[in-house]
Amino acid sequence: MPTPHNRRERPAKPALTLTGIIDTAVSIMEQEGLQRVTMRRLAQALDTGPASLYVYVANTAELHAAILERLLGHVDLTAAHSDEGDWRTRLDAVLASYEQVLFSHPALAMSALTARPNGDNYLTLLDTLLALLAEGGVPDLQAAWGVDILLQSATASAAEHSVRREDAAADAEWAQLRRTLTNAPPARFPHVHAQSGNLLSGTPIERRRWSVDMLLNGILATHPAK
C-alpha cells in the first residue's frame, strides 16, 4: 500500500495580506476582466475560503475600489510639478493621464463612476489637483467642490470611450449617428440640422481640453450659494 502523505508535509500557504489580495485581484482583472473579480473567484485563486477575505475587504464593491486605488498609482503626475505650461495645461495633463489609466481598463472605468477609493494614491491625485487649482487662484470652497466635478467628468469620458472601444458595433453606430444628424429634417429640427457638422466636430483631445477649460472657467466664476 502506498504510504499516506502527512498533511503537515504540504507547504504552508502564504499568510493573507491586503496587499496580496489586491495583487491577485488586479491579476485576475487583467487576465479575465473585472466582471470575474468576485470574492468567490478571488478566494479560489488564493486557495482560501471567501469568509477569510471579508476580514480584509467588506464586499465586491470595496474590492473594486481597492483595485482602482492601486491603479491610481499609475497616473502620471509629472506635469503637475513641471515648469512647462501654465496651471491649466498641467492640470489638463494630469486629468488626461487619469483618463488613460481608466481607458486601459474598460470595465474598471465603468466601475469608477461609483467606486470610492480612499488610499494614498487617491489622496495624492486629489492633493495634486487641489494644488493646481490653488495655483490658479481658485477660492478654496470652489476648488473643493470643483475638483469633484473635474474627476467626475474625466471618469465619465473614460467610461464612455472605453465602452465604445470594446463594442464591435461602435463604428457602425457612430456612422448611423452621423447620418441621423446630417439628415435631420430642417423643418422639424432646425437647430440640429444647422449644427450637424459642429455636433460631431473636433478631435477627442480638442474636446477634452475644451471641456476642462469650460469647467475651470465655471469653477472660477461660480461662487457656491449661501
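The protein comprises 12 helices and 0 strands. The model is a predicted one. Along the sequence, the elements follow the pattern α-α-α-α-α-α-α-α-α-α-α-α. Of the 226 residues of the protein, 35% count as buried. The accessible surface comes to about 14200 Å², and 56% of this surface belongs to carbon and sulfur atoms. Among contacts with a separation of 6 or more, 68% are accounted for by residues 24 or more positions apart.

The nonpolar interior was examined next. In soluble globular proteins, nonpolar side chains tend to be buried together. In this model, the largest nonpolar core holds 50 residues. The members that touch the most other members of this core are L63, I67, L91, L125 and L133. Two or more residues are given to the core by each of the helices α1 (18–32), α2 (39–45), α4, α5, α6 (106–111), α7 (120–135), α8 (140–166) and α12. When residues up to four places away in sequence are not counted, L63 touches I21, I22, A25, V37, M39, L42 and V57.

V26 lies in helix α1 and, with a relative accessible area of 10%, is buried; the cut-off for this class is under 20%. With residues up to four places away in sequence left out, V26 touches I67 and R70. I67 is one of the core members named above for touching the most other members. The C-alpha atoms of V26 and L63 are separated by 10.0 Å, and the two residues are 37 residues apart along the chain.

Charged side chains were then considered. A search of the whole structure finds 7 salt bridges. Among the residues involved, E32, R36 and R41 are linked in a network of salt bridges. Within this network, the side chains of E32 and R36 meet with an N to O distance of 3.1 Å. The salt bridge between R41 and E32 has its closest N and O atoms 2.7 Å apart. The side chains of R41 and E32 also make a polar contact, again at 2.7 Å.

The three members of the network are classed by their relative accessibility. E32 is partly exposed, with a relative accessible area of 28%, and R36 is also partly exposed, at 39%. R41, by contrast, has a relative accessible area of 16% and therefore counts as buried, the class being defined as under 20%. R41 is located in helix α2. Beyond residues up to four places away in sequence, the contacts of R41 are with I28, E32 and R36. Both salt-bridge partners in the network, E32 and R36, are thus found among the residues that R41 touches.

A further salt bridge joins the side chains of D92 and R208, with an N to O distance of 2.7 Å. D92 lies in helix α5 (residues 87–103) and R208 in helix α12 (residues 204–221), so the pair ties together parts that are 116 residues apart in sequence. Both D92 and R208 are buried. Helices α5 and α12 are also among the elements that give two or more residues to the largest nonpolar core.

E69 presents a case without such a partner. E69 belongs to helix α4 (residues 60–71). This residue is buried yet has no salt bridge. The nearest side chain of opposite charge, that of R70, is 7.5 Å away, whereas a salt bridge requires the nitrogen and oxygen atoms to lie within 4 Å. A polar atom of the E69 side chain lies 3.3 Å from the backbone nitrogen of G119. Apart from residues up to four places away in sequence, E69 touches P117, N118, G119, D120, N121 and Y122. G119 is therefore both a residue touched by E69, at the cut-off of 4.5 Å between heavy atoms, and the residue whose backbone nitrogen lies 3.3 Å from the E69 side chain.

The backbone at D47 was also noted. Phi of D47 is near 55 degrees, a positive value in a residue other than glycine. D47 is found in the loop between α2 and α3 (50–53). With a relative accessible area of 44%, D47 is partly exposed.

Methods. Residues are numbered from 1 along each chain as its sequence is written. This is a predicted model: local features need pLDDT of at least 70, side-chain atom pairs count only at pLDDT 80 or more; totals for chains, interfaces and linings use all residues. Side-chain values use heavy atoms; hydrogens and water are left out. Helices (H or I, at least four residues) and strands (E, at least two) are DSSP runs, numbered from the N terminus. Buried means under 20% relative accessible area, exposed over 50%, partly exposed in between (1.4 Å probe, protein chains only). Lys and Arg count as positive and Asp and Glu as negative; His and the chain ends are not counted. A polar contact is a pair of N or O atoms within 3.5 Å; within protein, one must be able to donate a hydrogen and the other to accept it, and residues adjacent in sequence count only if both atoms are side-chain atoms. A nonpolar core is a set of buried Ala, Val, Leu, Ile, Met, Phe, Trp, Tyr and Cys residues joined through side-chain atoms within 4.5 Å. Accessible areas come from the Shrake-Rupley method with a 1.4 Å probe; for residues, only the protein chains shown count as cover.
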